[in-house]
Amino acid sequence: SPTLVWIRRDLRLSDHAALTAAVARGGPVIPVFLRDALVDGLGAAPKWRLGLGLGHFAEVLEGKGSRLILRSGDARAVIPALAQELGAGAVYWQRAYDPASVERDTDVKAALKDLGIEAKSFAGHLMFEPWTVETGQGTFYKVYTPFWKSVRDRSVEAPIAAPSALPAPDTWPDSEVLEDWALGAAMNRGADVVRPFVQLGEQAAQARLGAFMASKVARYDVTRDLPAVDGTSNLSENLALGEISPAQCWHAGQRAMEEGKAGAETFLKELVWREFAYHLMWHTPRILTDNWREEWAAFLWNEDERKAEVKAWKQGRTGIRFVDAAMREMYVTGRMHNRGRMIVASYLTKHLMCHWKIGLRWFEDCLIDWDPASNAMGWQWSAGSGPDATPYFRVFNPVTQLDKFDKDRGYVSRWIAEGYRRPHDDALKYFEAIPRRWKMTPDDVYPSPIVSPEEGRKRALAAYENRDF
Ligand code: FAD
């Protein structure tokens, strides 16, 4: 009987345990992607990027004589009904870890079992299942370093090769049409602008990993902090949609370490930050929606998104160059350098005293590498409300940060046009991407700071000292 493989954030053929198991089971393999409420609820950029990923993956499957069947609706009803329609004996998928997906998948599993259909989920999106990592006291980890120490010597299974063939059914079930889903509809801010920065699909992701290991990893521990240098892997975009697996990255990193490449261990540590984010989300799902340190609910954050300061932050015109460059980089490329993420998050939550949720939501709308766990951990870490967070009283100074990490101003001059006689092409692209109602032009005078580093720091510290927790 056929096996239904429910494709989710795993748009690849290699190191795909569910797909491999489906082939091994014998019988036709039918890949299906379901557009449910979770897909509909995605932010503009990640939804658009998902659409590109699905279109590409469907082509790859077709190249293998297979297809990607598209359906819409509530998985609890649609997946069991489709399995019945096809006479499938089994439904396989790779696990997700966010609370809404977990609840959905649990229900689907039960519904399939009631029908006598085998339902099985596999690991793959993570290397270390969150429930398998625990402290000596049998609890989960709240601090990164001991988490890293407890997993770094674990063996991670070698990645599985892509199946050589995907057996097709005699007749394919009906499929909806990807274009009809219009997953890019809300991407009204220059999809054409962002598109050249996208590296789509499994092959591109493997090429990215290969290029990183060949020429960047050796200096990664130094260059990863310099936003003007393309010194990182850029794989977050592909990891977010499972176009590459973390285990594939891990094994490549291990090989680089054996070859004595200096930055390799730092790269492995970063992959483990991603695992740690999932560990936290699994054990404390409230990290997605509420202050992880609950006492922070009493802090007087500004929660009004319409405030002029919030607008200036989103639009990249705070008058703080590091902040504005990073916000514009995100708008144009769909990604932002990690140093930039930390600085814009610190500026919003500390200098501007705005709730981290405002920033979290804006990132969710703009990032093509949006990841629920890493985004939430990153924001709560920056705001001081998260586990193992930078304390609130440690306020990054975005001006001295610039002297430290963008000494030659290569980053800010790439992303800011105002005041430059011959602005960088990317800085000009920003003005093609933004809506006209923002009323910004490259010929404007670059604004003076809406809140200066000193003033913002003072205000934030005073609020912190006067808090009543
Ligand atoms: P590399 O430096 O090459 O690192 C390799 C991989 O390790 C990354 O692809 C990523 O999967 C993982 N990684 C690296 N740093 C971190 C980190 N701090 N936390 C978790 N995983 C990490 N990352 C996302 O993937 N999606 C997000 O939505 C996201 N939002 C963030 C929001 C804030 C406020 C902050 C401070 C960080 C956020 N990050 C997010 C983490 C980090 O900035 C990105 O993973 C990184 O910049 C991606 O670039 P890269 O692939 O070149 O990373």
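**Exercises: helices and ligand shell in a predicted model**

Helix 18 is followed by G384, whose phi is positive, near 95°. Helices here are DSSP runs of H or I with at least four residues, numbered from the N terminus. The model is predicted: local features need pLDDT of at least 70, side-chain atom pairs count only at pLDDT 80 or more, and totals for chains, interfaces and linings use all residues. Residues are numbered from 1 along each chain as its sequence is written.

**Exercise 1.** Compare the expected span of helix 18 with the distance between its end C-alpha atoms.

Solution.
- Step 1: the expected span is 1.5 Å times one less than the number of residues.
- Step 2: for the 12 residues of helix 18 this gives 16 Å.
- Step 3: the end C-alpha atoms are 17 Å apart, which agrees.

**Exercise 2.** Determine how far helix 18 is enclosed, and what its buried residues pack against.

Solution.
- Step 1: a residue is buried if 20 or more other C-beta atoms lie within 10 Å of its own, exposed if 12 or fewer, and partly exposed in between, with C-beta atoms placed from the backbone.
- Step 2: 12 of the 12 residues of helix 18 are buried, so the helix is largely enclosed by the rest of the structure.
- Step 3: these buried residues pack against helix 13, helix 16 and helix 17.

**Exercise 3.** Describe the setting of W370, a position that the unreviewed UniProt entry lists under "binding site".

Solution.
- Step 1: UniProt annotations may be inferred rather than shown by experiment; positions are in the numbering used here, and feature names are shortened.
- Step 2: W370 sits in the loop between helix 17 (356-366) and helix 18.
- Step 3: W370 counts as buried because it has 24 C-beta neighbours inside 10 Å.
- Step 4: leaving out residues up to four places away in sequence, W370 touches G43, A45, P46, A240, F363, E364 and N375; contact requires C-beta atoms, placed from the backbone, within 7 Å.

**Exercise 4.** Locate the ligand relative to the helices and domains.

Solution.
- Step 1: a residue is near the ligand if its C-beta atom, placed from the backbone, lies within 6 Å of it.
- Step 2: of the 27 residues around the ligand, T232, S233, S236, N375 and G378 come nearest.
- Step 3: helix 11 (236-240), helix 13 (264-283), helix 16 (338-351) and helix 18 (372-383) each give two or more residues to the shell.
- Step 4: domain 2 (126-156 + 200-283) and domain 3 (294-465) both give residues to the shell, so the ligand lies between them; the bounds come from an automatic or database domain assignment.

Definitions and conventions: Contact = placed C-beta atoms within 7 Å.
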